[in-house]
Amino acid sequence: MSRPVEAPAAPPAPQAPPLNGNGHPNGVEDVLPGEAAVARAARRSLDGDSRGFARLWPFLGPAFIAAVAYIDPGNFATNIAGGAKFGYLLLWVVLAANLIAMVVQTQSAKLGIATGKNLSEACRETFSRPASIGMWIQAEIVAMSCDIAEVVGAALGLNLLFGIPLFPAALVAGAGAFALLALQQRGYRRLEAGIAVLVGVVLVSFGLEILYANPDGGQIAIHLFQPGFSGTDSILLTTGIIGATVMPHVIYLHSALTQRRIVGRNEDERRRILRFEKIDVVIAMSLAGLVNLAMMIMAASLFHGGGFAGIDTIQGAFHGLQKTVSNNAATIFGIALIASGFASSSVGTMAGQVVMQGFIRRRIPIFLRRALTLAPALIVIAIGVNPTEALVISQVVLSFGIPFALVPLVLLARRKDLMGSLVNPPWLTALVSVLAGLIISLNVFLLYEVFFG
């Protein structure tokens with residue numbers, strides 16, 4: 001593995017990370033090896049020797065890996081259910097969740113750039129040991145819920161397209177994630193390229209579905225910016241949409257992807273790296289947002305508006321496309337689902353590795369972790385749980401995990417002794433605090449409606 005750009009000496013100087021047996025830092029660099037070409041290109045950019053896209057290119061990638069989690073099969077389930085049942089009503093939720101995701105992912109990337117630590121490492125060093133253990137346990141539960149959505153989703157795609165029974169299809173989905181993770185052995189640029197291809201497949205697929213759907217542009221324009229609900233079910237789906245979009249496990253992962261990938265030598269370089277990473281976040285999250293909007297718009301136009309409002313499952317969406325459009329449209333949908341499941345499953349595994357290493361300083365081989373995290377999804381399929389219901393509930397669990405990642409991020413990012421010149425100004429701390437409070441309030445209201453409403 002090549003050495004990253006020279007470490008900074010500016011205050012506050014981060015402690016040197018512990019070394020593994022190969023003399024490299026323990027952390028995400030073990031998962032995503034650095035590449036000399038990227039380091040050299042980043043140095044030319046920071047030194048002012050590059051222009052145009054060449055100046056930005058070395059910094060693109062981390063947000064695209066994080067963005068995969070924002071278009072995983074859980075998003076298929078929540079967006080299709082929301083569009084089919086409520087039409088265009090919840091489009092504003094998708095837009096708002098994506099804007100929140102941009103803010104949150106920028107905060108996560110900033111923490112890694114400023115401190116040389118990922119979020120879980122910073123939490124371990126800042127909070128008490130019992131608190132760190134508790135945060136680790138809930139983060140593992142969140143990662144497990146996410147993995148269920150990803151594996152079940154990919155298995156559903158294989159089942160719908162090729163008729164493979166769900167249980168063996170889940171095994172095939174796991175094998176696909178293994179293959180994608182193997183790319184990291186060839187360097188993180190290979191992994192980023194593989195994931196970008198799969199994201200492109202999903203994006204093109206739903207672009208085609210929108211052409212088939214011929215949606216109502218006026219209704220889209222209204223409901224993108226006009227908030228509204230329709231009963232407890234719409235609030236449940238809203239919570240699921242936010243959980244599927246603002247993914248807590250990639251809040252941890254994104255900070256790890258930036259912590260030692262390109263290291264600034266001083267405060268000015270770190271500020272410039274952050275500016276490039278903001279562009280990375282905006283591009284990647286905008287593409288993910290377009291995919292999510294396209295999912296709901298497709299369901300609203302074809303199913304809610306076409307007499308199939310009762311469709312609330314991924315299987316129903318597949319067969320609904322066969323009935324309302326064509327077999328080709330259904331096939332494109334299935335391909336997008338498989339690509340989404342394969343890509344997001346590998347990203348979820350990497351996030352789980354970062355969480356374990358950061359909170360409790362323990363690591364297991366990433367392929368062993370992938371094998372272990374297959375178990376909950378296989379159990380869900382084996383006992384006959386409705387796949388789409390499992391997907392939607394998994395996203396609600398993710399939503400409840402958001403505060404446990406977001407609140408510590410807010411507390412850490414406002415500390416000048418930790419963040420240096422990249423510390424959050426008071427107005428940004430207030431904004432992120434309001435967003436966290438909004439999500440927490442939504443979850444509390446949902447609990448009240450479910451148990452007492």
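I began with helix 13 and helix 16, whose axes (lines fitted to C-alpha atoms, for helices over the stretch in contact, with angles running from 0 to 180 degrees between N-to-C directions) come within 9 Å and cross at roughly 75°. That makes helix 13 roughly perpendicular to helix 16, where angles of 65 to 115 degrees count as roughly perpendicular, under 35 as roughly parallel, over 145 as roughly antiparallel and the rest as oblique. By class, I found ten nonpolar, two polar and no charged residues in this contact; Ala, Val, Leu, Ile, Met, Phe, Trp, Tyr, Cys and Pro count as nonpolar, Asp, Glu, Lys and Arg as charged, and the others, Gly among them, as polar.

I note that this is a predicted model, in which local features need pLDDT of at least 70 and side-chain atom pairs count only at pLDDT 80 or more, while totals for chains, interfaces and linings use all residues. Residues are numbered from 1 along each chain as its sequence is written, and side-chain values use heavy atoms, with hydrogens and water left out.

I then listed the residues that meet (contact means heavy atoms within 4.5 Å): His249, Val250, Tyr252, Leu253 and Ala256 from helix 13, against Val347, Gly348, Met350, Ala351, Val354, Val355 and Phe359 from helix 16. Helices here are DSSP runs of H or I with at least four residues, numbered from the N terminus.

I checked the length of helix 13 (residues 248-259) next: at 1.5 Å a residue its twelve residues should span 16 Å, and its end C-alpha atoms lie 18 Å apart, which agrees; the expected span is 1.5 Å times one less than the number of residues. Twelve of the twelve residues of helix 13 are buried, where buried means under 20% relative accessible area, exposed over 50% and partly exposed in between, with a 1.4 Å probe and protein chains only.

I looked up serine 108, which sits in helix 6 (residues 91-115) and is buried, with a relative accessible area of 0%. Leaving aside neighbours within four places in sequence, serine 108 touches Val250, Ile251, His254, Ser255, Thr258 and Leu409; Val250, Ile251, His254, Ser255 and Thr258 are among the buried residues of helix 13.

I turned last to helix 8 (residues 129-162) and helix 16 (residues 327-360), whose axes come within 8 Å and cross at roughly 160°, so the two helices are roughly antiparallel. The residues of this contact divide into 18 nonpolar, ten polar and three charged.
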